Amino acid sequence: MSRSPDSPPARPRPPARLCRGALAVLLLALVVLSGVAPGVVLEQAAAAPVSSAAPAVPSSLTGRWTWPLPAPHDVVRGYVQPAEAWSPGHRGVDIAAADGAVVVAPEAGVVHFTGTVVDRPVVSIEHRGGVLSSFEPVAGVVKQGEAVARGQPIGVLVTGHCGVSVCLHLGARVDGRYVNPLLLLGELRPAVLLPTRPVP
């Protein structure tokens, strides 16, 4: 492609080895300033996740819920943690059930919302410890602000989430961040960070 006579000459791109060298000098400067051994810095950089991890769920919350549907509890689609808050994912679990199944509160709380979101009915409940549960598509039989007990009916499951089959989408948030509801149901063990080398 020809350049205009008035345009400035193209700036040459620095060779890749020069960029890598500059990065190495920057890393070395960070090591010197931090006073940490270079191997530790490199280990920490390699271990850093490239996507945001699922928020930690306190052990006091795990296993606290009961299932909102009667057995069997067939999870047809699991939880998928989004890489970022706005990224695609599956922020809950889908539990197979029959159309018209009664959905109950997994724990005592206060109804946060009951109504329609876009095209489906939703019920959500605030629980102690900053936990919020959500259920869809569920036609609520409770009102916003109403206190509910564990096992109390909160609505009736309708079609609309799993295509031709019927399922309940159960969501959970802790302090505003989505978590895997199976943790609160006691079906999973919370993740534990392990040391990358022996602790002295």
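This text walks through a predicted model of a protein chain, from its overall makeup to its strands, core and disulfide.

Start with the whole chain. It has 200 residues, and 30% of them count as buried. The secondary structure comes to three helices and 11 strands. Their order is easy to follow: from the N terminus, two helices come before the run of strands, and a helix closes the series. The chain exposes about 12,700 Å². Carbon and sulfur atoms supply 62% of that area. Contacts in this chain often join distant parts of the sequence. Among contacts with a separation of 6 or more, 60% link residues 24 or more positions apart.

Now turn to the strands. Strands of a sheet pair through backbone hydrogen bonds, either parallel or antiparallel. A useful place to enter is β6, which spans residues 131-136. This strand is mostly covered, with six of its six residues buried. In a regular strand the side chains alternate between the two faces of the sheet. In β6, Val-131, Ser-133 and Phe-135 point one way. Leu-132, Ser-134 and Glu-136 point the other way. Both sets are buried.

What are the partners of β6? One is β5, residues 120-127, which pairs with β6 in the antiparallel sense over five bridges. Within that pairing, Ile-125 has Ser-133 as its bridge partner. The two strands form a hairpin with three residues between them. Gly-129 in this hairpin takes a positive phi near 80 degrees. Another partner is β10, residues 167-174, joined to β6 by six bridges. This pairing is also antiparallel. Here Phe-135 is the bridge partner of Leu-170.

From β10 the path leads on to β2. These two strands pair in the antiparallel sense over four bridges. Ala-96 is matched with Cys-167 of β10. In turn, β2 is joined to β1, residues 75-77, by two bridges, and the strands run antiparallel. Val-75 has Ile-95 in β2 as its bridge partner.

A further set of strands makes an open sheet. Three strands lie in the order β3-β9-β7, with antiparallel pairing. β3 (102-104) and β7 (138-140) stand at the edges, and each has a single partner strand, so one side of each is left without a neighbour in the sheet. Neighbouring strands of this sheet are turned by 40 degrees against each other on average, direction ignored. The pairing of β7 with β9, residues 153-157, is antiparallel and runs over three bridges. Across it, Ala-139 stands opposite Val-156 in β9.

Next comes the interior. The largest nonpolar core has 31 residues. Val-103, Phe-135 and Ile-154 have the most contacts inside it. Several elements contribute: β2 (93-96), β5, β6, β9, β10 and α3 (181-184) each supply at least two residues. β10 gives the most, with four residues.

Phe-135 deserves a closer look. This residue belongs to β6 and is buried. Leaving aside neighbours within four places in sequence, Phe-135 is in contact with residues including Val-103, Ile-154 and Leu-170. Val-103 and Ile-154 are thus met again, as residues with the most contacts inside the core. The contacts of Phe-135 also include the prolines Pro-68, Pro-106 and Pro-121. Val-104, Val-122, Val-123, Ile-125, Leu-168 and His-169 are on the list too.

Finally, look at the disulfide. The structure holds one. Cys-162 and Cys-167 form this bond, with their sulfur atoms 1.8 Å apart. The torsion about the S-S bond is about 75 degrees, so the disulfide is right-handed. Is Cys-167 buried or exposed? Its relative accessibility is 2%, so Cys-167 counts as buried. Cys-167 also serves as the bridge partner of Ala-96.

Ser-165 sits in the loop between β9 and β10. At 39% relative accessibility, Ser-165 counts as partly exposed. Ser-165 and Asp-99 are 66 residues apart in sequence. In space, their C-alpha atoms are 8.9 Å apart.

Key. Residues numbered from 1 in each chain as written. Predicted model: local features only at pLDDT ≥ 70, side-chain atom pairs only at ≥ 80, totals over all residues. Heavy atoms only, no water. Pairing = 2+ DSSP bridges. Axes fitted to C-alpha atoms, helices over the stretch in contact; angles between N-to-C directions. Buried < 20%, exposed > 50% of the residue type's maximum accessible area, 1.4 Å probe, protein only. Disulfide = S-S within 2.5 Å. Contact = heavy atoms within 4.5 Å. Areas by Shrake-Rupley, 256 points an atom, 1.4 Å probe, with all protein chains shown as cover. Core = buried A, V, L, I, M, F, W, Y, C linked by side-chain atoms within 4.5 Å.
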